[in-house]
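Colleague: Could you take one part of this model and walk me through it closely? I'd like the strands and whatever sits around them, in one go.

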Amino acid sequence: MYLRSIPVLRYFILLVVGIYLYQWYQPQLGQIYIFISTAFLLGILSTKINKLRFLKHTIPLLFLGLGLASSYLFDQKNQGNHITKVGKFDQYMAMIDSYTESKPKTYKVTAKIFAVKKGSKWQNVVGETMLYFNKEANTVPKYGEVYILKNTIREIEAPKNPFEFDYKSYQARKNIFTHQFLREGDFKLAGEMKGWSLLKFANSLNVYTHTVFKEILDTPKQMGVAEAMIGGMKAELDFETKQWYSATGAIHVLAVSGMHVVILFVVLNKLLGLFLDKKKPFFLAAILILLWSYAIFTGLSPSVCRSTLMFSMIQLGTFFRRDDNPVNTLLLSAIILLIIVPNWLYDVGFQLSYLAVFGIMVIYPSLKRLFYFKWKPIRWIWEISAVSIAAQIFTLPLTLYYFHQFPNYFLLANPVVSLVSSFMLPIGLLVLFIAKIPYLGAALGFIFKWLIDILNYSVYLIAELPNALSTGLSISITTVIFLFLTIASILVFFKKKEVIYIKLIAITCLFLTISGANQLFKQNKQKEITFHFIPNGWGISVIEGRSATFISTDSLCNEPLIYQFHLKNYYDAKGIKNYKTQKIADQGNFIINNDLGNIQWMKTPNGKIIEKNSPYLVCSENAIKDLTNLSEFDGTIILDGSNKKWVVEKIKAEAEQKKKKLVVLYDTGSKTLTF
């Protein structure tokens with residue numbers, strides 16, 4: 001496949017460059033319009049004046065300007081009445097605009113803010129926020145409800161631990177910059193959105209799906225997988241189930257994605273093909289209407305919209321005999337999506353889904369021809385495996401970059417997952433239509449539940465195999481680029497058989513080897529202590545070489561989410577292979593001995609220091625409310641995330657006056673000391 005056969009590629013690249021440039025330079029709308037107008041004018045001149053034909057190369061620059069413009073218009077903070085720009089206010093009014101997720105202690109929703117109250121007057125604003133309704137308030141928010149809320153809203157904070165997932169940037173790219181935790185008395189129901197809307201209808205279908213599945217399924221694991229796979233809802237998925245599917249490389253089945261759309265299309269194609277002529281427009285229209293109906297049914301989530309549009313474009317290309325190079329169609333669908341929602345470019349699901357489909361288009365035909373089996377079941381298994389290999393090759397660099405792990409048995413898991421999913425999806429959808437029909441609904445519900453159990457148990461068995469998952473594979477963006485260069489060089493070599501590509505492969509592999517060896521050398525020599533910021537908790541990491549010890553209370557040491565959210569990325573980046581915990585009591589004062597310097601930990605209120613010469617004193621649970629008992633201590637005082645805000649502010653003022661060395665983790669985030 002030559003680049004000349006992919007004319008859409010240049011426009012896609014320029015659009016992507018425009019979206020990235022907007023993030024870096026934040027140009028004003030006037031500057032963007034001047035750029036677009038100039039490119040457009042030069043393009044017109046190139047068609048009218050022969051001597052200026054060279055200016056035709058400015059026409060593709062319109063897509064760079066389009067990337068800038070779409071990013072500017074999508075960013076709600078550019079509007080003068082955005083919620084973050086209106087200053088102080090007493091109350092605000094917001095409408096729930098998402099499906100309600102049930103958390104252990106709260107109900108989580110997103111809400112569209114449209115008014116704030118200053119004094120006695122309301123004024124119009126724009127903005128999105130995350131709301132967490134405490135379950136003790138006995139209020140379950142529903143889509144379309146309008147609430148008046150007290151102004152205790154606050155901006156989402158940046159990550160406070162090294163290499164921690166940047167939740168603030170993740171939400172900001174969805175135009176969500178604030179959040180609020182609501183207790184009884186913080187809100188009042190003011191009404192409900194009237195009339196019909198597509199999103200409201202989609203949300204009602206989500207609620208219906210949840211109700212039906214709750215009646216026919218028995219366990220949380222069944223419920224979580226069914227809702228995620230059929231309806232695109234992940235609120236019921238538990239941590240353990242996610243880990244199973246992640247460890248086997250089957251996590252994609254838990255998000256309505258391209259695979260689901262393909263399965264649905266194949267089923268619809270077979271069924272409608274019995275009654276309609278596949279070469280007629282009515283057949284194509286029926287397929288597309290049903291696919292988009294499924295997208296609406298699943299709540300029009302980003303992953304569903306991406307997949308449905310992508311495969312709709314591919315099917316349209318096939319119908320109009322424009323499928324000589326389906327990569328053009330694939331890139332065109334990406335351009336349309338990025339013009340509508342430019343920030344999807346940063347979405348991991350967007351990146352991986354397009355890379356996977358691109359890999360299948362480019363590599364799968366050649367892989368499929370490597371082996372031919374006469375027996376259909378074996379041939380089917382090989383074809384599914386070839387699809388998995390093709391997708392895995394192109395997604396591997398980004399998978400390692402984002403998730404730092406690789407599922408070693410993905411070739412074993414994917415045929416099983418694909419086979420079971422091919423039956424689960426249509427049966428699950430059919431259950432929703434006939435669930436209320438006596439006997440028939442119950443019988444189909446039993447089959448659906450049985451298939452879920454087979455899928456879960458199969459994934460569990462593969463996840464529990466020895467060395468099922470390679471972890472700690474943290475790589476840099478430079479390594480990602482060189483991995484893609486290596487993959488591209490190998491593919492081009494097999495097509496052109498030219499020596500220059502062998503040399504390029506050797507150069508990229510040499511760089512990767514040297515880079516990996518250098519990283520390993522540094523990791524073996526590293527020594528550091530990190531005082532972590534854990535909300536309402538405490539924890540310390542002591543790293544020596546590629547070994548780490550996490551010191552905390554018994555409850556936090558045994559909590560998998562603490563490791564997953566606050567420690568995993570940090571340990572992966574440091575190449576940690578030996579990880580252990582050191583548990584200490586919830587109350588008391590301690591001396592923690594290690595080779596990098598003793599750490600004194602104070603958790604008893606008004607306690608006295610044990611060793612005045614220790615270099616670090618960590619204070620938790622408001623153990624000190626002033627510095628009276630620490631007059632003889634000359635080391636660094638560290639206040640962790642378990643201290644009250646008013647206590648922290650008081651000690652900060654006193655430490656500044658007495659010239660004490662003080663680190664407040666709430667302000668600085670985690671503190672790392674390197675030796």
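Modeller: Sure, and bear in mind that this is a predicted model. Let's begin with strand β18, residues 616–619, which is covered on both faces. Tyr 616 and Val 618 are buried on one side, and Leu 617 and Cys 619 are buried on the other. That split fits the usual pattern: in a regular strand, side chains alternate between the two faces of the sheet.

Now for the neighbours of β18. Strand β17, residues 599–602, pairs with β18 in the parallel sense, over four bridges. To get the register, look at Met 602, which stands opposite Cys 619 of β18. Strand β19, residues 636–639, also runs parallel to β18, and four bridges join the two. Here the residue to look for is Tyr 616, which has Thr 636 of β19 opposite. So Cys 619 and Tyr 616, both buried, each give you a handle on the pairing: Cys 619 faces Met 602, while Tyr 616 faces Thr 636, and buried here means under 20% relative accessible area.

Next, the five-stranded sheet. It is open, its order is β15-β14-β13-β12-β21, and the pairing is mixed. The edges are β15 (578–584) and β21 (671–674), each of which pairs on one side only. Ignoring direction, neighbouring strands in this sheet are turned by 15 degrees against each other on average.

At the β15 end, β14 and β15 run parallel, joined by seven bridges. Ser 547 stands opposite Asn 578 in β15. Strand β14 covers residues 547–553, and Thr 549 lies in it. How buried is Thr 549? Its relative accessible area is 15%, so it counts as buried. Leaving aside residues up to four places away in sequence, Thr 549 touches Ile 540, Ser 541 and Val 542, then Tyr 571, and finally Lys 580, Thr 581 and Gln 582. Of these contacts, Lys 580, Thr 581 and Gln 582 fall within the 578–584 stretch of β15.

One helix to finish. Helix α17 takes in residues 499–525, 27 in number. From first C-alpha to last it reaches 40 Å, close to the 39 Å expected at 1.5 Å a residue. Its buried residues are Tyr 501, Ile 505, Thr 508, Leu 512 and Gln 523. Their cover includes α16 (477–496) and α19 (560–573). Tyr 571, one of the contacts of Thr 549, sits within the residue range of α19, which gives you a link back to β14.

Notes:
Residues are numbered from 1 along each chain as its sequence is written. This is a predicted model: local features need pLDDT of at least 70, side-chain atom pairs count only at pLDDT 80 or more; totals for chains, interfaces and linings use all residues. Side-chain values use heavy atoms; hydrogens and water are left out. Buried means under 20% relative accessible area, exposed over 50%, partly exposed in between (1.4 Å probe, protein chains only). Contact means heavy atoms within 4.5 Å. Two strands pair if DSSP finds at least two bridges between them. The expected span of a helix is 1.5 Å times one less than its number of residues. Axes are lines fitted to C-alpha atoms, for helices over the stretch in contact, and angles run from 0 to 180 degrees between N-to-C directions.
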